[in-house]
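Biologist: Could you take me through one part of this model slowly, namely the places where the ligands sit? I work at the bench, so please tie the picture to residues I can find for myself.

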Amino acid sequence: MKKVQSTCNYCALDCNLDFYVEGNKIIKVVPTKGYPVNNGFSCIKGLSLDKQQTIVRESTLPRFKQEDGSVKRIPWDDAYKIVADKFIELQQKYGTESIAGLSTGQLTMEEFSIFGHVMRNHLKTNVDGNTRLCMATAVVAHKQSFGFDAPPYTLKDIELSDTIILIGANPVLAHPILWDRIRSNKNKKLIVIDPRKSETAQNADYWYDLKGKTDLILLYAIANKIIENGYLDNEYINNYTEGFEDFKEFVKQYTVGKAAKATGLSEVSILELVELIHSGKRVSFWWTMGVNQGYEAVRTAQAIINLALMTGNIGKPGTGANSLTGQCNAMGSRAYSNTSVLYGGGDFDNAARRERVSEVLGVDESVLATKPTLTYNGIIEKIISGEIKGLWVICTNPRHSWTNNKTFKEAMKKLEFFVVQDIYGDTDSSEDCDMYLPVVSGIKKEGTYINTERRISAMRPALEKSEDERSDYEVIYGIGKALGMGNLLDKWKTPRDAFNLMKECSRNMPCDMTGVTYDGLVNSKGIQWPFREGEVLEDDQRRLFEDNKYYTPSKKAKFIFEEVRENPLPNTKEFPYTLNTGRGSVGQWHTQTRTREVAFVEDVSIKDAYIYINTKLAEEIGVQENENIKVSSINGNSSDFIAKLTDNIRYDELYVPMHYLECNNLTPSLYDPYSKEPSYKTTPINISKIEVGGK
Ligand SMILES: Nc1nc2c(c(=O)[nH]1)N[C@H]1C(S)=C(S)[C@@H](COP(=O)(O)OP(=O)(O)OC[C@H]3O[C@@H](n4cnc5c(=O)[nH]c(N)nc54)[C@H](O)[C@@H]3O)O[C@H]1N2
Ligand SMILES: Nc1nc2c(c(=O)[nH]1)N[C@H]1C(S)=C(S)[C@@H](COP(=O)(O)OP(=O)(O)OC[C@H]3O[C@@H](n4cnc5c(=O)[nH]c(N)nc54)[C@H](O)[C@@H]3O)O[C@H]1N2
Ligand code: SF4
Ligand SMILES: [Mo]
């Protein structure tokens with residue numbers, strides 16, 4: 001029996017797993033012992049990865065929709081040619097930017113780098129990723145405050161921290177192995193800031209149930225009080241940061257009284273939080289989607305960073321302003337997808353970076369994309385307005401996951417040519433596309449991933465592909481060839497080639513990984529960037545900013561702040577309640593195409609969309625457990641849900657797991673102005689009981 005160590009391709013922890021294989025069959029999956037992230041443990045999703053091998057697929061060949069609407073299975077080479085010819089035709093007819101791509105943080109680094117090369121460099125058009133729906137806020141916050149998109153921590157910090165503050169994060173469901181590590185830290189105070197008594201809040205020492213999207217005023221008021229009480233690390237502020245004096249003046253207006261009024265928290269509890277931060281010796285702040293997905297999300301993330309800076313809680317064991325990523329390779333896609341920055345980082349108009357990247361890729365500088373991509377919302381708006389006619393979607397399911405998702409349905413109807421590359425042909429996005437490209441799943445792929453703490457790890461094929469099966473890399477390469485890229489693909493023949501290119505692009509950048517080798521990652525503990533050529537790895541847990549040097553021109557971290565905005569989409573008389581959305585259970589993954597892979601979860605999870613409602617509110621509208629509720633949204637749509645009564649949710653708020661199509665039928669087209677990340681978590685709604693027999 002052979003053992004193949006590979007990386008779980010669900011959440012951003014990137015646990016490693018040992019696949020025991022005999023005769024091209026996975027016999028068992030065992031979480032890798034000694035791997036720094038998960039050391040012999042994993043959640044049910046990772047343990048179930050072997051189930052992918054038993055899922056029966058209709059065909060391994062592309063599915064092409066004919067003019068009469070019928071579908072035909074065609075050979076791969078024919079599909080490559082059809083896609084390439086159609087894209088060229090559309091570009092000739094309607095202009096270069098009349099085709100676009102949507103990609104993901106769930107591909108390998110090599111896959112989205114070659115996709116970026118084909119679409120952005122060769123075809124000179126737009127590709128954005130679903131990381132826009134997820135991490136874009138943290139990216140912008142890091143870039144502005146630290147000078148580079150660099151999450152500072154190592155996961156070990158959660159075990160070394162005496163005061164752990166989780167803001168808009170629910171690791172019990174979303175990062176289960178991180179939750180295990182929080183639990184194993186016996187000397188901590190666990191503080192959760194979340195409007196819901198989430199599964200994590202239920203297990204916390206302190207829970208602050210603020211009103212949704214009032215984090216910013218709370219964080220500013222805390223900063224103000226810390227300053228007033230003299231709880232500052234002045235040495236740190238003076239030596240390693242800039243902009244503090246202005247910040248100090250600015251936050252004076254945010255009194256505890258004002259914050260109490262806006263958040264619904266008592267003044268006493270806000271003051272308690274200030275004292276908890278002050279009394280902690282090693283305070284760490286961790287945030288996820290409750291912060292990233294909002295209309296003033298970037299400034300909220302930066303308000304967390306400001307608190308860490310002013311109290312000197314950064315660059316030391318057990319500290320940090322730490323953004324948790326969501327998908328297995330969200331971190332990789334940020335630096336290597338050629339969408340918002342050049343490969344390895346650097347803006348598209350940065351002459352030195354352009355020279356370096358073109359040299360590495362062996363192309364003339366004019367081949368490189370010249371500007372950042374049009375953002376996700378812009379791509380969809382331009383499909384609807386008729387400017388974009390062709391779309392290639394890889395490894396994401398926007399018909400379901402996009403905010404106000406009917407707009408994507410509308411977009412699908414407008415497209416002249418819609419290509420979906422997915423492991424399943426029956427997703428909400430793939431089932432009716434013009435060309436469906438059925439690729440193999442993670443257990444048959446190779447490449448690399450970067451996890452939430454910047455750890456690069458190897459994805460190794462546990463199983464071999466059959467003759468007709470293709471990986472994402474092969475398909476993108478094949479279409480590139482059919483597009484006539486010729487020698488532009490010479491350096492990109494295999495994932496290993498792409499890795500080596502990306503590695504060279506990273507040289508001398510903060511995310512330098514020139515010391516990492518493709519083969520060296522195999523059976524390893526993974527390596528966090530930066531890891532430069534010639535460097536010796538002394539520790540497998542490394543945090544950034546231990547030298548207190550940031551990536552800004554002055555090498556200092558910046559205090560960035562802005563007045564709290566009026567909610568652009570407030571509750572009204574007509575829409576008095578607020579809809580919150582997020583993860584529903586450990587076993588459910590996003591749009592649930594993969595629920596079929598997770599042992600038992602498929603059998604036990606609720607098939608129809610459900611909603612959590614406060615027991616008292618349910619009583620007031622006369623709804624009992626499992627009766628149906630109609631929810632109408634300020635976006636003009638309504639969805640029906642099964643009611644689940646709970647006291648873990650505020651009276652005026654309801655919660656829908658994002659795993660149901662009905663959820664984003666209700667969310668609005670509202671974005672953070674800097675990151676363009678959707679505001680998924682606070683939609684004004686109204687509710688009514690659906691009488692039996694009626695709708
Ligand atoms: N089982 C499972 N695990 C997953 C995923 C999955 O689909 N299923 N997805 C992965 C991905 S891609 C991601 S991005 C992560 C997401 O991981 P998380 O962000 O931890 O998960 P969410 O449920 O989206 O949101 C977290 C919490 O934010 C709270 N929240 C909502 N609004 C606010 C607010 O205004 N302020 C504050 N402070 N909190 C608020 C919600 O009530 C919720 O409890 O999970 C990853 N892990
Ligand atoms: N209301 C609401 N909406 C949300 C969120 C929320 O909190 N609330 N969260 C947002 C966030 S953080 C995220 S990350 C997005 C996620 O949204 P999506 O990315 O749309 O969700 P997934 O279900 O992960 O879609 C991945 C697709 O890739 C396919 N797939 C899996 N493996 C492979 C592979 O190896 N190759 C290929 N080609 N395909 C593969 C799967 O079958 C699936 O169809 O949703 C966002 N939407
Ligand atoms: S915690 Fe995340 S990476 Fe680890 S096994 Fe579960 S889904 Fe996979
Ligand atoms: Mo995400």
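Modeller: Happy to; here is a walk through the two ligand sites, followed by a short look at a sheet. Please keep in mind that this is a predicted model, and that the distances below are computed from it.

Let's begin with ligand 1. Its surroundings consist of 33 residues, and those that come nearest are Asn170, Ala174, Asp194, Lys213 and Gln588. If you sort the shell around ligand 1 by class, you find 12 nonpolar, 14 polar and seven charged residues.

Several backbone atoms are worth finding on your screen. Asn170, already named among the nearest residues, has a backbone N or O atom 2.7 Å from an oxygen atom of ligand 1. Gly168 also places a backbone N or O atom by the ligand, here 3.4 Å from a nitrogen atom. At Val586, a polar backbone atom is 2.9 Å from a nitrogen atom of ligand 1. On its own, ligand 1 has 900 Å² of accessible area, and the protein covers 99% of it. Three elements each give two or more residues to this shell: helix 6 (171–174), helix 13 (289–292) and strand 21. As for the wider setting, ligand 1 lies between domain 3 (152–324) and domain 4 (577–689), because both give residues to its shell.

Now for ligand 2. Here 34 residues form the surroundings, with Asn130, Ser401, Asp422, Thr591 and Asn664 the closest. The shell around ligand 2 holds 13 nonpolar, 15 polar and six charged residues.

For this ligand, the contacts to look up involve side chains. Ser401, listed among the closest residues, has a side-chain N or O atom 2.6 Å from an oxygen atom of ligand 2. Thr396 brings a polar side-chain atom to 2.8 Å from an oxygen atom of the ligand. His590 likewise has a polar side-chain atom 2.8 Å from an oxygen atom of ligand 2. The cover can be put in numbers too: of the 910 Å² of accessible area that ligand 2 has on its own, the protein covers 99%.

Which strands supply at least two residues each to the shell around ligand 2? They are strand 15 (417–422) and strand 21 (577–582). You have met strand 21 already, as it also gives two or more residues to the shell around ligand 1. Ligand 2 lies between domain 2 (63–134 + 328–528) and domain 4 (577–689), since both of these domains give residues to its shell.

To finish, here is the sheet. It is an open sheet of three strands in the order 1-2-3, paired antiparallel. Strand 1 (2–7) and strand 3 (25–31) are the edge strands, each pairing on one side only. From one strand to the next, the twist averages 30 degrees. Strand 2 (residues 16–22) and strand 3 run antiparallel and are joined by six bridges. Along that pairing, Leu17 stands opposite Pro31 of strand 3, while Val21 has Ile26 as its bridge partner. The hairpin of strand 2 and strand 3 has two residues between the strands, and Gly23 takes a positive phi near 55 degrees there.

Notes: Residues numbered from 1 in each chain as written. Chains lettered and ligands numbered in written order. Predicted model: local features only at pLDDT ≥ 70, side-chain atom pairs only at ≥ 80, totals over all residues. Heavy atoms only, no water. Near = heavy atom within 4 Å. Polar contact = N/O pair within 3.5 Å; in protein donor to acceptor, adjacent residues only side chain to side chain. Areas by Shrake-Rupley, 256 points an atom, 1.4 Å probe, with all protein chains shown as cover. Helix = DSSP H or I, 4+ residues; strand = E, 2+ residues; numbered from the N terminus. Nonpolar A, V, L, I, M, F, W, Y, C, P; charged D, E, K, R; others polar. Domains from an automatic or database assignment. Pairing = 2+ DSSP bridges. Axes fitted to C-alpha atoms, helices over the stretch in contact; angles between N-to-C directions.
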